[in-house]
Amino acid sequence: MATFHFDLVSPEKLLFSGDVEQVDVPGAEGDFGVLAGHAPTVATLRPGILTVYGASGSQKIVVLGGFAEVSATGLTVLADVAEAVEDIDRAMIASRISELESRIEKTEPGTELDKLITRLDHYRTVDRHLTGTAMH
């Protein structure tokens, strides 16, 4: 399978840099897969599981927002927070879920409430992945 260059960067560090076969990205408008030769794209990330496929197998990484850019030189993901699934702080995810639930209870119907509910759903999805399919 053809490969392309992939960089995953968070504010703290460069988490991954190398040639890969495929990357599945949790986009705000829906998940999408990137293969060699993908059309140029810029997308916003939602909290979710980013999966990297390379010659040595697959690696799952939790991302909590950011941007992805596909260009002629490959894929670059600038993540707000990114950690390997096995290193993620489950207490932080639970805390964010609890905080969002509290904010939702106090927010009047409207655009802000809709955004909070969407964000809560994203964190719940990450939590489900961490307790289920992401570990397999």
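**Salt bridges, strands and nonpolar cores**

Arg-46 counts as buried, with a relative accessibility of 15%. The term buried stands for under 20% relative accessible area, exposed for over 50%, and partly exposed for values in between, with a 1.4 Å probe and protein chains only. The model is predicted, and local features therefore require pLDDT of at least 70, side-chain atom pairs count only at pLDDT 80 or more, and totals for chains, interfaces and linings use all residues. Residues are numbered from 1 along each chain as its sequence is written, and side-chain values use heavy atoms, with hydrogens and water left out.

The buried Arg-46 forms a salt bridge with Asp-31, in which the closest N and O atoms are 2.5 Å apart. Arg-46 is located in the loop between strand E5 (41–45) and strand E6 (48–54), while Asp-31 belongs to strand E4 (residues 30–35), so the pair ties together parts that are 15 residues apart in sequence. Asp-31, in contrast to its buried partner, is exposed, with a relative accessible area of 54%. A salt bridge is defined here as a side-chain nitrogen of Lys or Arg within 4 Å of a carboxyl oxygen of Asp or Glu. Under this rule the count is 4 salt bridges. The element names used here refer to DSSP runs numbered from the N terminus: helices (H or I) have at least four residues and strands (E) at least two.

The helical part of the model provides another salt bridge, between Arg-90 and Asp-127, whose closest N and O atoms are 3.1 Å apart. Arg-90 lies in helix H1 (residues 90–106) and Asp-127 in helix H2 (residues 111–131), so this pair ties together parts that are 37 residues apart in sequence. Arg-90 is partly exposed at 36% relative accessibility, and Asp-127 is also partly exposed, at 23%. A further salt bridge joins the side chains of Arg-103 and Glu-112, with an N to O distance of 3.7 Å. Of these residues, Arg-103 is partly exposed at 38% and Glu-112 is partly exposed at 42%.

Strand E4, which holds Asp-31, leads to the strand pairing. Strand E3 (residues 22–27) and E4 pair in the antiparallel sense over 6 bridges; strands pair if DSSP finds at least two bridges between them. A hairpin through 2 residues joins E3 to E4. Within this pairing Gly-27 stands opposite Gly-30, and the bridge partner of Gln-22 in E4 is Leu-35. E3 also runs antiparallel to E6, to which 3 bridges join it.

In that second pairing, Asp-24 has Thr-51 of E6 as its bridge partner. Thr-51 is buried, with 5% relative accessibility. Not counting residues up to four places away in sequence, Thr-51 touches Gln-22, Val-23, Asp-24, Ser-58, Gln-59 and Lys-60, where contact means heavy atoms within 4.5 Å. Thr-51 and Ala-28 are 23 residues apart in sequence, and their C-alpha atoms are 16 Å apart in space. Ser-56, in the loop between E6 and strand E7 (57–63), is exposed, with a relative accessible area of 80%. Although Ser-56 and Val-20 are 36 residues apart in sequence, their C-alpha atoms are 9.5 Å apart in space.

The nonpolar interior comes next. A nonpolar core is a set of buried Ala, Val, Leu, Ile, Met, Phe, Trp, Tyr and Cys residues joined through side-chain atoms within 4.5 Å. The largest such core has 21 residues, and those with the most contacts inside it are Phe-6, Val-23, Val-25, Leu-50, Leu-75 and Val-77. Leaving aside neighbours within four places in sequence, Val-25 is in contact with Gly-30, Asp-31, Phe-32, Val-34, Leu-45, Leu-50, Ala-68 and Leu-75. Apart from the largest core lies another one of 15 residues, which includes Leu-64, Val-85, Leu-113 and Val-126.

Nonpolar residues also occur on the surface, where Val-42, Phe-67 and Leu-78 form a patch with about 310 Å² of accessible area together. Patches consist of residues with over 30% relative accessible area and no salt bridge; like charges are joined within 9 Å, and nonpolar side chains (Val, Leu, Ile, Met, Phe, Trp, Tyr) within 5 Å. Accessible areas come from the Shrake-Rupley method with a 1.4 Å probe, and for residues only the protein chains shown count as cover. Leu-78, in strand E9 (residues 74–79), is partly exposed at 46% relative accessibility.
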